[in-house]
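Got the viewer open? Let's take a walk through this one, a selection at a time.

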Amino acid sequence: MIGMDIKTQLSNSMKDAMKSGDEVRKRTTRMALANIKQVEVDKRTALDDAAVISLLQKDIKNRREAVEEAKKANRADLIADNEAEIKVIESFPPQSHARRGIEHPRPSRHCRSRRGLPCRYGQGHEGLLPKVAGRAAGDQVSAVVKELLAE
């Protein structure tokens, strides 16, 4: 899992969703991959992780706007669908950044290990927070880094 780009993570997630019958994850990852492919065809170049993250953030923004519109129209079904899709999309960028932070930690003179966590936890967490500022909560970032270190 470590070292995979986001497009590969999305593809693997879609395959897993197809096997498990998770329709929301399958539908959401399929749409995200289609958006990525469309931009790649339009620009005639392969997108890097930063560009893919940007596209995913646009998808999240569009779905949040759809949730607001659905609330105005009292459409609970649309609200639930869009919120489920947002959760699926949000699971990808933080994990990708955290993997990169753990694989290639910033050089530091002192290990800031707290509560028995490996030194790489602090380096992965510190490297990740500025990259996902405003997009992911601190506790979500911590959970992702801990999960990746456990692999």
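Let's begin in the loop between α2 and α3: select Arg44, which sits there. Its phi is positive, about 55°, even though Arg44 is not a glycine. That is worth a glance, because most residues other than glycine have a negative phi. Is Arg44 buried or exposed? It counts as exposed, because its relative accessibility is 78% and the cut-off for exposed is over 50%.

Before going on, zoom out. What you have on screen is a predicted model. Colour it by secondary structure and you should find seven helices and zero strands. Reading from the N terminus, the order is α-α-α-α-α-α-α. The protein has 151 residues, and 38% of them count as buried. Take the contacts between residues at least 6 apart in sequence: 60% of those join residues at least 24 apart.

**Stop one: α1 and α2**

Select residues 6-20 for α1 and residues 23-43 for α2. The two axes come within 8 Å of each other and cross at roughly 145°. This crossing is left-handed. Which residues do the meeting? On the α1 side, show Lys7, Leu10, Ser11, Ser13, Met14, Ala17 and Met18. Their partners in α2 are Arg25, Lys26, Thr29, Arg30, Ala32, Leu33, Ile36 and Glu40. Sorted by class, this contact has seven nonpolar, three polar and five charged residues.

Stay on α2 and pick Thr28, which is found in that helix. Thr28 counts as buried because its relative accessibility is 2%, and the cut-off for buried is under 20%. What does Thr28 touch, apart from neighbours within four places in sequence? Display Glu85, Val88 and Ile89, and you have its contacts.

**Stop two: along α3**

Now select residues 49-72, which is α3. This helix has 24 residues and spans 35 Å from its first C-alpha to its last, close to the 34 Å expected at 1.5 Å a residue.

Zoom in on the start of α3 and show the side chain of Asp48. One of its side-chain oxygens reaches to within 3.0 Å of the backbone nitrogen of Ala51.

Next, click on Asp49, which is in α3. Asp49 is buried, with a relative accessible area of 17%. Where does Asp5 come in? It is 44 residues away along the chain, yet the C-alpha atoms of Asp49 and Asp5 are separated by 6.5 Å.

Which other residues of α3 are buried? Add Val52, Ile53, Leu55, Leu56, Asp59, Ile60, Arg63, Val67 and Ala70 to your selection.

Move along to Glu68, also placed in α3. Glu68 is partly exposed, with a relative accessible area of 44%. Now add Ile79, which is 11 residues from Glu68 along the chain. Their C-alpha atoms are separated by 8.1 Å.

**Last stop: after α3**

Select Asn74, which follows α3 and lies in the loop between α3 and α4 (76-90). What is the phi of Asn74? It is near 55°, a positive value in a residue other than glycine. Asn74 is exposed, with a relative accessible area of 70%. For a parting view, select Asn74 together with Arg44 from where you set out: Arg44 has a positive phi of about 55°, and the phi of Asn74 is positive, near 55°.

Key: Residues are numbered from 1 along each chain as its sequence is written. This is a predicted model: local features need pLDDT of at least 70, side-chain atom pairs count only at pLDDT 80 or more; totals for chains, interfaces and linings use all residues. Side-chain values use heavy atoms; hydrogens and water are left out. Helices (H or I, at least four residues) and strands (E, at least two) are DSSP runs, numbered from the N terminus. The expected span of a helix is 1.5 Å times one less than its number of residues. Buried means under 20% relative accessible area, exposed over 50%, partly exposed in between (1.4 Å probe, protein chains only). A polar contact is a pair of N or O atoms within 3.5 Å; within protein, one must be able to donate a hydrogen and the other to accept it, and residues adjacent in sequence count only if both atoms are side-chain atoms. Axes are lines fitted to C-alpha atoms, for helices over the stretch in contact, and angles run from 0 to 180 degrees between N-to-C directions. A crossing is left-handed if the near helix is turned anticlockwise from the far one by less than a right angle, and right-handed if clockwise. Contact means heavy atoms within 4.5 Å. Ala, Val, Leu, Ile, Met, Phe, Trp, Tyr, Cys and Pro count as nonpolar, Asp, Glu, Lys and Arg as charged, and the others, Gly among them, as polar.
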